[in-house]
Amino acid sequence: MNRRNRIVLSCVYWAFVLYVFVPLILMILMGFKDSKFIGFPIRSWTLDWYTGVFEDAEVLATLGYSTAIAVLSTIVAVAVGTWIAVLLEGRKFIGRTAIFGLTVLPALVPGIISAIAFRIYARWLGIEPGMGAIIWAHAVHNVPFVALVVMARLSTLPKSQIEAARDLGADPIVAFLRITLPYLMPAILGSSIFCLLLSFDDFVRSFFLGGYDPTLPVLIFAKLKSGMSPEINAIATIALVVTAAIGIWAERFTRRLNKDTQA
Amino acid sequence: MNDDTPLVRLKGVTKKFGDMTALDNLTLDIARGEFVTFLGPSGCGKSTTLRILGGFERPTSGSVILNGEDVTLQPPEKRQVNMVFQDYALFPHMTVRQNISFGLELKGMDKKSIRQRQDEIMSFLELDTYGDRYPAQLSGGQRQRVALARALAPDPALLLLDEPLGALDAKLRGQVQQELKSIQRRTNKTFFFVTHDQEEALTMSDRVVVMNKGRVEQDGTPEELYFHPASRFVAEFIGETNLLSGKMRGLEGDAVVMDWFGQTLRGHAPGGAPRTGDDITASLRLEKLRFHKARPDSCNAVQGRVVGKTFLGSRMAVDLMIDEAAGASLRAFVDAETGQSFGADPVWVGWSSDAMAVLRD
């Protein structure tokens, strides 16, 4: 690649970065504006919107609610996804491809369609809208990500590891708990963080399956209907910073774990 | 259990993978304290035998007796057998100490005895200073010793070794061979070693079983296999040899008389005597040929011309053309100085009947 091409390429890249981040930067800036009206110019700055967020009981309750849903749906998704991965990886049986396809499907169905489907199914099963229904929908949606990530990791586990454990006196269950599971930890942790973020971020399923209590994205949406306010910017900024921090930490953490266990 | 009963007895063990027969009716005893090596090319059935002994494969038919007990259907965790894996299979998330204690914990030993056994085995294998390291922080040779320590720690009746030297470089391998042999002697454990490397098999083993296509080709001491191969496969697989094709003439006492392009030669038949008139092949090791100025008294003697010399350092390989035997050729080792002195004059070579083994096909 010659020098001119490189310059053009880097210009295009930075233009793209700008395009992606300008809306986010604008959103963050407006959260510090000392006026109810969103838009330029910004004449004076304030942290009132942020302190307001922490004094707003509704926002805090919603934050707790969303977090609880994220944690519980992640636990379910990780348990089911890991179980499916262990079942499918390295084994050949009739229907394997079908089970694999069905496992991956929820990740591919458009959110709105799956949300409506869940709503109909929940009513048919007699499941009340609310926390349980949201957890159920989030878990189903997230299982494929866990299964795929864990399967990829599992496929790199040498068969001799399990045989060595068996050879030294471990029955299949002990071998799984003491050898397979620790080996899968980086994948399990990584996909857990991903599930947490997906669940926390989800609007469509939470909206369709929710009861009277809103999750955070649903609350933001509700607040928007009564007019834009910099408080929403403050909430969104906090959510953005926290999720980005968790994401970056998880990425580095799992990378280190992966490196440590490579013999 | 008295010491005369074999530790392991394989009775008519056959293993099939689909249409492929990996092991064909193997019957074999392994004595206590023996260093047995299964030697053969890949796919010969040696690894299948090892995996059957470890409990990782079930034979299609036949039975495995360990210490007088039928263990054919026992899973690996129930057997008093441990294995050193080809890739060592050390647990990457455990330290050296934790790797070694894994088998001890599962045996239900208490903490104090585990600690004691760990220290014992680690000092025995000179791993004392590596206890808190992870496998990723060790060199190839150290990992190999940890794998050995882990397998020896639970005090198995039989230790299986699956080509554990394959991953080491050539220099280290020679050293580890000596070490392994000495560890086996000091522990007085029964070692079942699997390799495709004939040199490894000859240097370490008390007994070598040569396998080919799921069957035993020959079972004997390294010396027997080298100097008295029973079959063409064994003769060619182990070391370098001259193969002489001829016709069976008959027996003279124990000696087999053969016709080799008009020359009458006498050999012996470790794999059983062929019938008179059969086409046969005999193996004659390069170092068994003796050079002479005049016709020697040895029971086999032919005259030849030196047509090629290869300097090998400590010795020289000499190629001979035997005009009297329709231009057949023989290869022989001599010390380098003697080799240098050979010129255009014909030389005599001779060998005893014990040096030449008539082979089974």
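Salt bridges are a good way into this predicted model. A search of the whole structure finds 26 of them over all chains. One of these pairs B:Glu105 with A:Arg178, whose side chains meet at 3.0 Å, N to O. B:Glu105 lies in helix α2 of chain B and A:Arg178 in helix α8 (residues 172–201) of chain A, so this pair joins two chains. Another salt bridge brings together the side chains of A:Glu163 and B:Arg51, at 2.6 Å, N to O. Across the interface of chain B and chain A, the rule finds three salt bridges.

Now take that interface as a whole. On the chain B side, 24 residues are in contact with 22 residues of chain A. The area buried between the two chains is about 2100 Å². Carbon and sulfur atoms give 59% of that area. Polar contacts also cross the interface. Eight residue pairs make them, counting pairs with both residues at pLDDT 80 or more.

Which elements of chain B give two or more residues to the side that touches chain A? They are β6 (81–84), α2 (96–106) and α4 (140–152). Helix α2(B) gives the most, with four residues. This is the helix that holds B:Glu105, the partner of A:Arg178. By class, the side of chain B that touches chain A has 15 nonpolar residues, three polar and six charged.

Chain A itself is built from helices. There are 11 of them, and zero strands. From the N terminus on, its elements therefore read as α throughout, one helix after another, under the DSSP assignment. Along its principal axes, the C-alpha trace of chain A spans about 75 × 65 × 30 Å.

Chain B mixes helix and strand. UniProt, in an unreviewed entry, places the feature "domain: ABC transporter" at residues 8–238 of this chain. That span is 36% helix and 26% strand. Its end C-alpha atoms lie 26 Å apart.

The domain assignment divides chain B in two. Domain 1 covers 8–227 and domain 2 covers 232–358. The centres of the two domains, taken over C-alpha atoms, are separated by 39 Å. The domains touch: 14 residues of domain 1 are in contact with 10 residues of domain 2. Between them they bury about 1100 Å², with 69% of it on carbon and sulfur atoms.

Which three residues supply the most of the area that domain 1 of chain B buries against domain 2? B:Gln198, B:Tyr226 and B:Phe227 do, with 51% of it. Across this interface the rule finds zero salt bridges. Polar contacts are present, with three residue pairs counted at pLDDT 80 or more for both partners.

Several elements of domain 1 of chain B give two or more residues to the side that touches domain 2. They are α6 (198–204), β9 (207–212), β10 (215–220) and α7 (222–227). The residues on this side divide into eight nonpolar, five polar and one charged.

Set the two interfaces side by side. Between chain B and chain A there are three salt bridges, and the side of chain B has six charged residues. Between the domains of chain B there are zero salt bridges, and the side of domain 1 has one charged residue.

How values were computed
Residues numbered from 1 in each chain as written. Chains lettered and ligands numbered in written order. Predicted model: local features only at pLDDT ≥ 70, side-chain atom pairs only at ≥ 80, totals over all residues. Heavy atoms only, no water. Contact = heavy atoms within 4.5 Å. Buried area = accessible area lost by both parts, 1.4 Å probe. Salt bridge = Lys/Arg side-chain N within 4 Å of Asp/Glu carboxyl O. Polar contact = N/O pair within 3.5 Å; in protein donor to acceptor, adjacent residues only side chain to side chain. Nonpolar A, V, L, I, M, F, W, Y, C, P; charged D, E, K, R; others polar. UniProt positions renumbered as here; feature names shortened; annotations may be inferred. Domains from an automatic or database assignment.
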